Amino acid sequence: MTDPTAGRQVERIVIENAAIATVDALDTEYTRGHVVIADNVIESVGEGPAPQWLDNVVRRINAEGHLVTPGLVNTHHHFYQWITRGLAQDNILFDWLVALYPTWSRIDAELVHAATQGSAAALLKSGCTTASDHHYVFPHDGGDILGASIEGVAELGMRFTALRGSMSRGKSDGGLPPDHAVEKTEDILIASEAAVDKWHDASFGSMLHVAIAPCSPFSVTTELMKEAADLARRKGVRLHTHGSETAEEEQFCKELFGMGPTDYFESVGWLGQDVWMAHCVHMNDSDIHKFAETGTGVAHCPSSNARLAAGIARVPDMLAAGVPVGLGVDGTASNESGELGTELRNALLINRLHGRPDALTARQTLRLGTMGGARVLGRQAEIGSVEVGKLADLALWKVDGIMHSSIADPVAALVMGALPPLSLLLVNGRPVVENGTLTQVNEDRIAKACADAAKELASRG
Ligand SMILES: [Zn+2]
């Protein structure tokens, strides 16, 4: 077989004169440095100008007044919720879910395609280069919903982990969702395995992973939790669910299973390096110890937890214990902003409400949103830091404008200030945002499609 790329020269992008926060193991930073990208990989990073010998430079960027960071990594989301934002505005989780389940159970592939592009656009425009989407609502007549979301993300150029979620415990089995919104365990396992076989690409630089993600202890049977874990391990993919989100969930687990959520997850084989959980707000010392001991990851979603009055996760204690922690927007029905960049600031501020002024520093927070997320998604060898050999997923933040120019520390400007303008976002070496605007698609078309989809879904009620 002939190699179609044989003889082809690599194409280089050179970025110079930028402050750079690499988020490598030593937190190396450069005050006026360069990054060289060769095709989709970082070839060189360091202080001063780029090496002079470089050939085939297709683009040279003078990044004066900018901070370069790794692209942000979103570890928890529900893209379909973009078309059900601003509803049930003043509810706690369980009441909010009960209010929204009937609407959600009327979605289909076409609506999910539109909503996915809205959610992915908000992520990209706020500096996110890799995201996971936990989709768990599959109406019987909804069409190929997972396929629609994968296609929608690919059109925008974001790196993606698609989660084949599920609900199997309806109201008549003691669960929270209505019976018509849940699937049969056997159907879920068949569809989950088919999704892995069809789409999961485990190669270096992959643009698409698939993971298996039953929704939560209160919407999934114990049988499905166990079977899903077996399936994921047989296929070599990761596992995700919601855990320890609210006091009501803890109460539910104690009543139904005779133990709290973390002990329940342990009993069904759901602690391990291949597992990450969203929220983990209500964790005692023993729970945190179990997560640390097993390498189980956490998707910290500070804005969503605040929106639903769920509480404040013990992120400083988790980090001190060695738990892998990343950031998540969560679904946009409980975090209407949908921006990941602003979660940096919210994570820093909300964790200080524990009463500790150094609970999270600006640099620890940037690490949560980059390397932390990469580790949680199992991609720490490929993304999450600006290092030679890693994939070229980078954000160029403009920090010399009126909102930031008086802050000497560019990392503090990014994390503690307003979200800076995003001059350039590269995913896999390819520009997907330029001067704050998506490059691959027409934003006005997405805005219109999302408005139409939200109206259509509301009319189905
Ligand atoms: Zn969620």
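At 32% relative accessibility, Lys398 counts as partly exposed, a class that lies between buried (under 20% relative accessible area) and exposed (over 50%), as calculated with a 1.4 Å probe on protein chains only. Lys398 makes a good way into this predicted model, for it forms a salt bridge with Asp400, the closest N and O atoms being 2.7 Å apart. A salt bridge is here a side-chain nitrogen of Lys or Arg within 4 Å of a carboxyl oxygen of Asp or Glu. Asp400 is partly exposed too, with a relative accessible area of 38%.

Some groundwork helps before going further. Residues are numbered from 1 along each chain as its sequence is written, and side-chain values use heavy atoms, with hydrogens and water left out. Because the model is predicted, local features need a pLDDT of at least 70 and side-chain atom pairs count only at pLDDT 80 or more, while totals for chains, interfaces and linings use all residues.

The protein chain has an average pLDDT of 96, where pLDDT is the predictor's confidence in each residue, from 0 to 100. Of the residues, 98% score at least 70. Confidence is lowest in helix α1 (residues 93–104), with a mean of 92, and highest in strand β5 (residues 66–70), at 99. Helices (H or I, at least four residues) and strands (E, at least two) are DSSP runs, numbered from the N terminus. From the UniProt record, an unreviewed entry, comes the annotation "domain: Amidohydrolase-related" for residues 67–404; UniProt positions follow the numbering used here, feature names are shortened, and annotations may be inferred rather than shown by experiment. The span 67–404 is 41% helix and 15% strand, and its end C-alpha atoms lie 11 Å apart.

The zinc ion comes next. Its protein donors are His76 (NE2), His78 (NE2), His242 (NE2) and Asp330 (OD), at 2.1 to 2.4 Å. Donors are N, O and S atoms within 2.8 Å of the metal (3.2 Å for Na, K and Ca), and since water is not among the atoms, sites may look incomplete. Along the sequence the donor residues follow the spacing H-x1-H-x163-H-x87-D. Among them, His76 and His242 link distant parts of the chain: His76 sits in the loop between β6 (72–74) and α1, and His242 in strand β10 (residues 239–243), 166 residues apart. His76 is buried, at 0% relative accessibility, and His242 is buried at 7%. The 4 donor atoms subtend angles of 89 to 174 degrees around the zinc ion, so the arrangement is irregular. By the criteria applied, four donors count as tetrahedral if all angles lie between 85 and 135 degrees; four count as square planar and six as octahedral if opposite donors are over 155 degrees apart and all others between 65 and 115; anything else is irregular.

Returning to charged pairs, the structure holds 28 salt bridges. One of them joins Arg8 to Asp39, with the closest N and O atoms 2.9 Å apart. Arg8 lies in the segment before β1 (12–21) and Asp39 in the loop between β2 (29–38) and β3 (41–47), so this pair ties together parts that are 31 residues apart in sequence. Arg8 is partly exposed at 46%, as is Asp39 at 25%. Another salt bridge pairs Glu266 with Lys290, at 2.8 Å between the closest N and O atoms. It links helix α7 (residues 261–267), home of Glu266, to helix α8 (residues 285–294), home of Lys290, 24 residues apart. Here Glu266 is partly exposed at 42% relative accessibility, whereas Lys290 is buried at 17%.

A few single residues round out the picture. Ser303 is found in helix α9 (residues 302–307) and is buried, with a relative accessible area of 12%. Leaving aside residues up to four places away in sequence, Ser303 touches Ser334, Asn335, Glu343 and Asn346, contact meaning heavy atoms within 4.5 Å. Gln251, in helix α6 (residues 247–257), is partly exposed at 44%. Gln251 and Phe265 are 14 residues apart in sequence and 15 Å apart in space, C-alpha to C-alpha.

Backbone angles add a last detail. Most residues other than glycine have a negative phi. Asn17, in strand β1, has a positive phi of about 65 degrees although it is not a glycine, and Asn428 has a positive phi of about 60 degrees. Asn428 lies in the loop between β15 (422–427) and β16 (430–434). Asn17 is partly exposed at 26%, and Asn428 is partly exposed at 22%.
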